[in-house]
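Here are some short exercises to work through with the model open beside you. Try each task before you read its solution.

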Amino acid sequence: MKRTTIRPENVHQAALLRLLRDGGRSRAELGDVVDLSRSKLNVELDRLLELGLAEPDGLAASRGGRRSGRVRLARDIRFGGIDIGATSIDVAVTDGELNVLGHLSEPCDIKEGPAVVLDRAIELLGKLSRDGLFTDLSGAGIGVPGPVSFAEGVPVVPPIMPGWDRYPVRETVGQALCCPTVVDNDVNIMALGELHAGVARHVEDFLLVKIGTGIGCGIVVDSKIYRGVSGSAGDIGHIRVDDLGPVCSCGNSGCLEAYFGGAALAREAVAVARSGGSPYLAERLAVAGTLTAEDVAAAAAQGDAGAIGLIRDGGRRVGQVLASLVSFFNPGLVIIAGGVAKLGHVLLAEIRSVVYRRSLPLATGNLPIVLSELGDTAGVIGATRLISDHVYSAN
């Protein structure tokens, strides 16, 4: 997989590469959107062709004169995306325009530790290589389910990731894949995925709330991730919603995540099943010995009142926190994503109801709150978007 990644030589070339990431264009079309003279534009485009970062793509339709030549990113550019969740790994390979060429997913417990989990992720990418999707990578992006020091490329005191604190994830994966590597929180890369290819494609300021084993929020401002001073922006799962609530994985009591993360929902489902509040969940518990968010979703789909009550209660608490965020941030869109978000429209309806009721009309009058449409590919697309931002830069 060894490759020396070729980078743009200046900011003009970097800007052109990021424009071409959205698809090939004619030289005339590029001239319409960049602040370069025609001669300077052609010099920089010709240099990108020489570097092997771009290639000719035929002729454009006539605009009333000589037909302009089209340019696109080189067809052999490949990026790797790794999305590590608390209970699963997703990997993908994309071309330079971030079209997914291959995607693999499998269960994995984050508590097995960084060596085991990262080795498995690298092996899955190796399988895609052996399948002929790439021979080398121009870069790889990684998302992990905990706070990350973006500058250092390491997780920092992640509550649900024992053994990962300050583990050199970026260095480890970069050396294994022999390419530039970046690491971020998994919610941030999901937000980037939605920005590039999802429902937020034409929205500059939005929130993505991931409800899975944990709960987090990706904050996008002016089409860029806002990470805060130390990288912990958006860690809404540990906002306290009840001083007397259950103990959270972070050690505090009454956090939102302790009420409606995946583990919390499973815990409450068991309690409802044992109390006789849900015949469906009681039957499932008797057979399997445990319950999951998927069981709650299945029960709700059957009209089970106990399961629907659990979803509405969790949605109400998420909505309360989100209403405050909406009043503070005034986003143009809110996206609900993650494994627990697969509970679907019962959950979405409750969140919407609370946010629209508790936030000021000026903030919510034109505010869509929607479910993600990218599903399991949001994270891997976002991871490749993140690394392509790095590779398609002059720094």
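On a 1 Å grid over the protein atoms alone, a pocket is an open set of points where a 1.4 Å probe fits, with protein on both sides within 12 Å along at least five of seven lines, and lining residues have an atom within 4 Å of a point. Grid points are joined across faces, edges and corners, and a volume is the space filled by probe spheres set on the points. This is a predicted model: local features need pLDDT of at least 70, side-chain atom pairs count only at pLDDT 80 or more, and totals for chains, interfaces and linings use all residues. Residues are numbered from 1 along each chain as its sequence is written, and side-chain values use heavy atoms, leaving out hydrogens and water.

**Exercise 1.** Find the volume of the second largest pocket, then work out which residues are closest to its centre.

*Solution.* Start with the volume, which is about 670 Å³. Next, look at the 22 lining residues: R21, L195, S223, R385 and D389 are the closest to the centre. Finally, turn to the elements: α14 contributes the most to this lining, with four residues.

**Exercise 2.** Locate the one aromatic pair of the structure and classify its geometry.

*Solution.* Rings of Phe, Tyr and Trp (its six-membered ring) pair if their centres lie within 6.5 Å; planes under 30 degrees apart count as stacked, over 60 as edge-to-face and the rest as tilted. The ring centres of F79 and Y392 are 5.7 Å apart and the planes meet at 80°, so this pair is edge-to-face. Both F79 and Y392 are buried (under 20% relative accessible area, 1.4 Å probe, protein chains only).

Terms used: Buried < 20%, exposed > 50% of the residue type's maximum accessible area, 1.4 Å probe, protein only. Helix = DSSP H or I, 4+ residues; strand = E, 2+ residues; numbered from the N terminus.
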